[in-house]
Amino acid sequence: MGLLLTSTLAAHDFGHLTLPVLEERLSSTLETFRKMERYHGHFYNWYDTRTLTPLQPAYVSSVDSGNLLACLLTLKQGLRQKLREPVPSP
């Protein structure tokens, strides 16, 4: 999940996505994350991609939760940097 977010940011950095597409993809991804069931705030390790229900046996990994946090912090800093970049004209 975290790699999806950071790779989307990287795709914009490399010029493969426009800023509006970056915003749309990140928004829709984070909206999907909001719909996913969690255990005490932590995402389960595996989900059915069609129903978003946790796959059995449902479990939480502290390592994966930490990796997600690191990716979210990277995304936050990358987006803050975008605020300082000039917006290209059409």
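What follows is a conversation about a predicted model and the reasons behind some of its labels.

Biologist: Glad to look at this predicted model with you. What makes up the largest nonpolar core?

Modeller: Happy to help! That core has 11 residues: Leu5, Leu9, Leu22, Leu26, Phe33, Met36, Phe43, Tyr44, Tyr47, Leu68 and Leu75. At least two core residues come from each of α1 (2-13), α2 (19-35) and α3 (62-84), and α2 gives the most, with 3 residues.

Biologist: Why are Tyr44 and Tyr47 called buried?

Modeller: The cut-off for buried is under 20% relative accessible area. Tyr44 has 13%, so Tyr44 is buried. Tyr47 has 11%, so Tyr47 counts as buried too.

Biologist: And what does Leu5 touch, leaving out residues up to four places away in sequence?

Modeller: Its partners are Leu26, Thr29, Leu30, Phe33, Leu72 and Leu75. Leu26, Phe33 and Leu75 are also listed, along with Leu5, in the core.

Biologist: Now the rings. How many aromatic pairs are there?

Modeller: The count comes to 2 aromatic pairs. One of them is formed by Phe33 and Phe43, with 5.8 Å centre to centre and 65° between the planes.

Biologist: Why is the pair of Phe33 and Phe43 called edge-to-face?

Modeller: Rings pair if their centres lie within 6.5 Å, and planes over 60 degrees apart count as edge-to-face. The centres here are 5.8 Å apart and the planes are at 65°, so both conditions are met. Phe33 lies in helix α2 and Phe43 in strand β2, so the pair ties together parts that are 10 residues apart in sequence. Phe33 and Phe43 are both buried.

Biologist: What makes Tyr44 and Tyr47 an edge-to-face pair?

Modeller: Their ring centres are 6.4 Å apart, against a limit of 6.5 Å, so they pair. Their planes stand at 70°, and over 60 counts as edge-to-face, so the name follows.

Biologist: Let's turn to the backbone. What makes His40 worth a remark?

Modeller: Phi of His40 is near 50°, a positive value in a residue other than glycine. His40 is found in the loop between β1 (38-39) and β2 (42-43).

Biologist: Is His40 buried or exposed, and how do you know?

Modeller: The relative accessible area of His40 is 67%, and the cut-off for exposed is over 50%, so His40 is exposed.

Biologist: Which value does phi take at Leu52, and where does Leu52 lie?

Modeller: Phi of Leu52 is near 65°, again positive in a residue other than glycine. Leu52 lies in the loop between β2 and α3.

Biologist: Why is Leu52 called partly exposed?

Modeller: Its relative accessibility is 21%; buried needs under 20% and exposed needs over 50%, so Leu52 falls in between and counts as partly exposed.

Biologist: Which peptide bond is cis?

Modeller: The bond from Gln56 to Pro57 is cis, with omega near -5°. Pro57 is found in the loop between β2 and α3.

Biologist: Finally, what can you say about the largest pocket?

Modeller: Its volume is about 580 Å³. The pocket is lined by 25 residues, with Met1, Gly2, Phe43, Tyr44 and Leu68 nearest its centre. Two or more lining residues come from each of α1, α2, β2 and α3, and α3 gives the most, with 7 residues.

Biologist: How does that lining divide by residue kind?

Modeller: The lining has 13 nonpolar, 10 polar and 2 charged residues. Gly2, one of those nearest the centre, is counted as polar because glycine is placed in that class.

How values were computed: Residues are numbered from 1 along each chain as its sequence is written. This is a predicted model: local features need pLDDT of at least 70, side-chain atom pairs count only at pLDDT 80 or more; totals for chains, interfaces and linings use all residues. Side-chain values use heavy atoms; hydrogens and water are left out. A nonpolar core is a set of buried Ala, Val, Leu, Ile, Met, Phe, Trp, Tyr and Cys residues joined through side-chain atoms within 4.5 Å. Buried means under 20% relative accessible area, exposed over 50%, partly exposed in between (1.4 Å probe, protein chains only). Helices (H or I, at least four residues) and strands (E, at least two) are DSSP runs, numbered from the N terminus. Contact means heavy atoms within 4.5 Å. On a 1 Å grid over the protein atoms alone, a cavity is a set of points where a 1.4 Å probe fits but cannot get out, and a pocket is an open set with protein on both sides within 12 Å along at least five of seven lines; lining residues have an atom within 4 Å of a point. Grid points are joined across faces, edges and corners, and a volume is the space filled by probe spheres set on the points. Rings of Phe, Tyr and Trp (its six-membered ring) pair if their centres lie within 6.5 Å; planes under 30 degrees apart count as stacked, over 60 as edge-to-face and the rest as tilted.
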